[in-house]
Amino acid sequence: MATSKKSSQQVIKYNNKNMILNLIHKNERITRAELKRITGLAPTTVSTLVDELIAEGIVKETGVFDTGGIGRKAVSIEINPDGMYFAGVEIESDFTFVDIYDLCFNVVYKGQAETGDYLATKNFIIDCLKKGQNQLNSKIHSVSVGVSGIVDPNTNKILLSTVVDIEDENFVCDIQSEFHEAEVYLLNSSGLIAFAEKEQRGVMDLVTVDIGKGVGSGIIIDGQIYTGAGGTAGEFGHISVDMNGEKCKCGNRGCTEIYTNTHTIRRRAAKILGVEKVTLKEVREQADNGNVEIINLLNEVAGVLAVSLIGLINMMAPESVVISGKIKELGDTFLVPLIKAVSDKCSLKTTQIEYSSVEGNAVTLGGVKLAFAKMLK
Ligand SMILES: [Zn+2]
């Protein structure tokens with residue numbers, strides 16, 4: 001009971017601290033009195049939490065300003081952008097990205113290299129982080145690595161990756177040995193995209209479906225990334241839509257990913273147009289210009305995706321299904337028929353289907369927002 005009471009107090013404190021921090025973030029400049037008024041928290045609670053945030057270097061007092069009343073002056077508080085830096089890393093099939101963010105979640109240092117084997121990738125990340133630290137003249141609080149693959153949450157080892165030869169390796173251990181004071185996290189990229197969306201939208205339950213060369217999914221339940229037993233949850237692309245369909249590399253037949261990945265859409269569109277290659281932007285332009293065969297192709301692909309999405313919505317009833325990745329380049333020519341196909345056949349009407357609204361790299365942003373949330377806890 002004592003442990004349970006302590007942990008529930010910690011949750012309340014975390015939520016209050018997070019609420020105060022969000023208000024400081026949103027208002028740019030705010031006073032303790034305004035924080036007390038808006039949150040309804042006790043004056044001592046607000047003062048204690050603000051003092052903690054100041055001691056941690058997350059916020060700073062920025063001087064006295066006039067509040068408008070007679071002789072009413074107050075000390076304002078704002079985020080201290082340079083108080084702490086967080087690094088986010090994305091390892092995908094073609095490139096590895098390193099973004100260092102300040103406390104306002106602006107990228108202040110970035111690096112990019114072609115993804116090589118494990119040794120080359122690890123060395124690039126470490127080298128880039130060291131250069132970033134030197135340029136910023138500050139240590140990095142945490143390093144969050146997102147990888148397209150299955151990560152064992154207990155051992156931090158990469159169990160399976162279809163994009164790069166890094167199976168059985170341990171980024172956490174190797175990066176940690178170079179940056180002793182930093183927290184290092186390793187997660188599936190789709191989970192981090194989902195976390196970035198959750199933070200942006202302020203919802204507690206959502207699913208992201210990332211469609212590019214492959215089709216992956218990130219799941220947020222009660223505000224937390226859901227990884228499932230063994231870290232394998234979210235393999236939305238391998239839900240079958242045709243039990244007699246084409247064989248998939250996963251062993252099943254007729255997987256969603258086979259019919260809805262952007263390579264397949266581009267290949268089929270190029271065949272219709274009688275050209276060797278076509279970009280998604282050109283596919284969208286053709287649909288916008290009324291090319292019936294292209295419109296039919298996009299309607300068909302949206303219909304296939306809708307079959308799996310309806311299953312997902314019926315099973316989980318998330319507040320939002322967020323579509324991210326390269327597929328966004330198709331704009332409304334894909335999203336509108338997708339929403340229609342789902343609403344025509346799905347009895348649950350509470351789930352919003354939208355494109356991602358996160359700017360920049362959602363994997364690195366999700367990684368640093370997760371590290372930030374863990375720090376507050
Ligand atoms: Zn499959």
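Okay, let's start with a quick one: does Glu329 count as buried, partly exposed or exposed, and at what relative accessibility? Glu329 comes out as partly exposed, because its relative accessibility is 35%. And Glu329 has a partner: its side chain forms a salt bridge with that of Lys326, at 3.7 Å from N to O.

Before I go on, please keep in mind that this is a predicted model.

So, the overall picture. The chain has 377 residues, and 48% of them count as buried. In secondary structure we have 12 helices and 15 strands. The C-alpha trace spans about 75 × 50 × 50 Å along its principal axes. The radius of gyration is 23 Å, and a compact globule with 377 residues would come out near 21 Å, so the two agree. As for contacts, if you take those with a separation of 6 or more, 59% of them are between residues 24 or more positions apart.

Now let's zoom in on helix H2, residues 32–39. Its buried residues are Arg32, Leu35 and Thr39. Looking down the axis of H2, those buried residues fall within an arc of 60°, so they line one face of the helix. The background here is the usual one: an α-helix has 3.6 residues a turn, so residues three or four places apart point the same way. Right after H2 comes Gly40, with a positive phi near 75°.

Stay with Arg32 for a moment. Arg32 counts as buried because its relative accessibility is 18%, where the cut-off for buried is under 20%. What does its side chain meet in a salt bridge? That would be Asp51, at 2.7 Å from N to O. Asp51 sits in helix H3, residues 43–55, while Arg32 is in H2, so this pair ties together parts that are 19 residues apart in sequence. Asp51 itself, at 41% relative accessibility, counts as partly exposed.

On to a second pair, Glu354 and Arg201, whose side chains meet in a salt bridge at 2.8 Å, N to O. This one links distant parts of the chain: Glu354 is in strand E15, residues 352–355, and Arg201 is in helix H6, residues 189–201, with the two positions 153 residues apart in sequence. Glu354 counts as partly exposed at 28% relative accessibility, and Arg201 counts as partly exposed too, at 23%.

How many salt bridges are there in total? The count comes to 17. Some of them form a network, which links Lys13, Lys17, Glu52 and Glu56.

Last stop, and a residue I'd like you to look at on the screen: Glu90, in strand E4, residues 85–91. Glu90 is buried yet has no salt bridge. Side chains of opposite charge can pair when their charged atoms come close. For Glu90, the nearest side chain of opposite charge is that of Lys110, and it is 9.7 Å away. So what does the side chain of Glu90 have as a polar contact? Asn361: the two side chains are joined at 3.0 Å. Leaving aside residues up to four places away in sequence, Glu90 touches Phe95, Thr96, Phe97, Gly146, Ser189, Asn361, Val363 and Thr364.

That's my tour, thanks. Happy to go back to any of these on the structure.

Methods. Residues numbered from 1 in each chain as written. Predicted model: local features only at pLDDT ≥ 70, side-chain atom pairs only at ≥ 80, totals over all residues. Heavy atoms only, no water. Buried < 20%, exposed > 50% of the residue type's maximum accessible area, 1.4 Å probe, protein only. Helix = DSSP H or I, 4+ residues; strand = E, 2+ residues; numbered from the N terminus. Arc of directions from axis to C-beta. Lys, Arg positive; Asp, Glu negative; His and termini not counted. Salt bridge = Lys/Arg side-chain N within 4 Å of Asp/Glu carboxyl O. Polar contact = N/O pair within 3.5 Å; in protein donor to acceptor, adjacent residues only side chain to side chain. Contact = heavy atoms within 4.5 Å. Rg over C-alpha atoms; globule rule 2.2 N^0.38 Å.
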